[in-house]
Amino acid sequence: MSRIGNKPVAITPDVKVAVADGVVNVEGKLGKLSFTLPPHVGATVEGSEVHVKCLDDADGASALHGLSRSLINNMVIGVSQGYRKELQIVGVGYKATLAGKKLTLNLGYSHPIEYMIPDGVKVTVTDGVKVLVEGTDKQLVGEVAARIRRYKKPEPYKGKGVRYSDEHVVIKPGKTNA
């Protein structure tokens, strides 16, 4: 049995959870999310808690049990509080601009990089060097932030590039004449 899967998911008063035909629907003040339960896993809503159950002892069912519980918990948090990732752009001349659903990044290449923001994610650019990614889906917010960071990872000598705001970049010492 999965220890994580056995924990009930607490539902806050502003969130509605419904389970029907193997699909979990979560609705809150920030939006709606749904998740199809894998085979061998079931869920029930009892009062202000969601209980996830492993239906049989098939291979991998225990892992899917814990995963399903974690995904449902992330959905409840997402529709009530939301998720956010903050990125910083470091480097002379490096900047970001936002026009509608298109994020344009100038990261020292000979051309600007254009990234189309997917639905369900809100991106905000402040001062041209701070990018805030917000949304209800934890996986989607993390994926968008990782894709933006992937265009120019922080390099180890001057630290130039796109980094998470809480990321620590270790700067290597350059060559010395000794």
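**Exercise 1.** Determine whether Ala58 counts as buried, partly exposed or exposed in this predicted model.

*Solution.* The relative accessibility of Ala58 is 28%. A residue is buried under 20% and exposed over 50%, with partly exposed in between. Ala58 therefore counts as partly exposed. As to its place in the chain, Ala58 belongs to the loop that lies between β6 and α2. From Ala58 to Val123 the separation is 65 residues in sequence, and their C-alpha atoms are 42 Å apart in space.

**Exercise 2.** Describe the open sheet that contains β1, and state which strands stand at its edges.

*Solution.* Begin with the order of the strands. The sheet has three strands, arranged β1-β6-β5, and their pairing is antiparallel. Next, consider the edges. β1 (9-10) and β5 (41-46) each have a single partner strand, so one side of each is left without a neighbour in the sheet. Then examine one pairing in detail. Two antiparallel bridges join β1 to β6, which comprises residues 49-54. Opposite Ala10 stands Glu49 of β6. Finally, add the helix: α2 (residues 61-80) packs on this sheet and touches β1, β5 and β6. The direction of α2 makes about 165° with that of β6.

**Exercise 3.** Characterise the hairpin of β2 and β3.

*Solution.* First, identify the pairing. β2 (residues 16-20) and β3 (residues 23-28) are antiparallel and share five bridges. Within this pairing, Val17 has Val26 of β3 as its bridge partner. Second, turn to the connection. Two residues lie between the strands, and Asp21 takes a positive phi near 55°.

**Exercise 4.** Compare the expected span of helix α3 with the distance between its end C-alpha atoms, and find where its buried residues lie.

*Solution.* Start with the length. Helix α3 covers residues 138-150, which is 13 residues; at 1.5 Å a residue, the expected span is 18 Å. The end C-alpha atoms are 18 Å apart, in agreement with that expectation.

Now consider burial. The buried residues in α3 are Val141, Val144, Ala145, Ile148 and Arg149. Viewed down the helix axis, the buried residues occupy an arc of 135°, so they line one face of α3. Their packing partners are the strands β7 (83-90), β9 (102-106), β10 (113-116), β11 (121-126), β12 (130-135) and β13 (161-164).

The last step concerns the start of α3. There, a side-chain oxygen of Asp137 comes within 3.3 Å of the backbone nitrogen of Gln139.

Terms used:
Residues numbered from 1 in each chain as written. Predicted model: local features only at pLDDT ≥ 70, side-chain atom pairs only at ≥ 80, totals over all residues. Heavy atoms only, no water. Helix = DSSP H or I, 4+ residues; strand = E, 2+ residues; numbered from the N terminus. Expected span 1.5 Å × (residues − 1). Buried < 20%, exposed > 50% of the residue type's maximum accessible area, 1.4 Å probe, protein only. Arc of directions from axis to C-beta. Contact = heavy atoms within 4.5 Å. Polar contact = N/O pair within 3.5 Å; in protein donor to acceptor, adjacent residues only side chain to side chain. Pairing = 2+ DSSP bridges. Axes fitted to C-alpha atoms, helices over the stretch in contact; angles between N-to-C directions.
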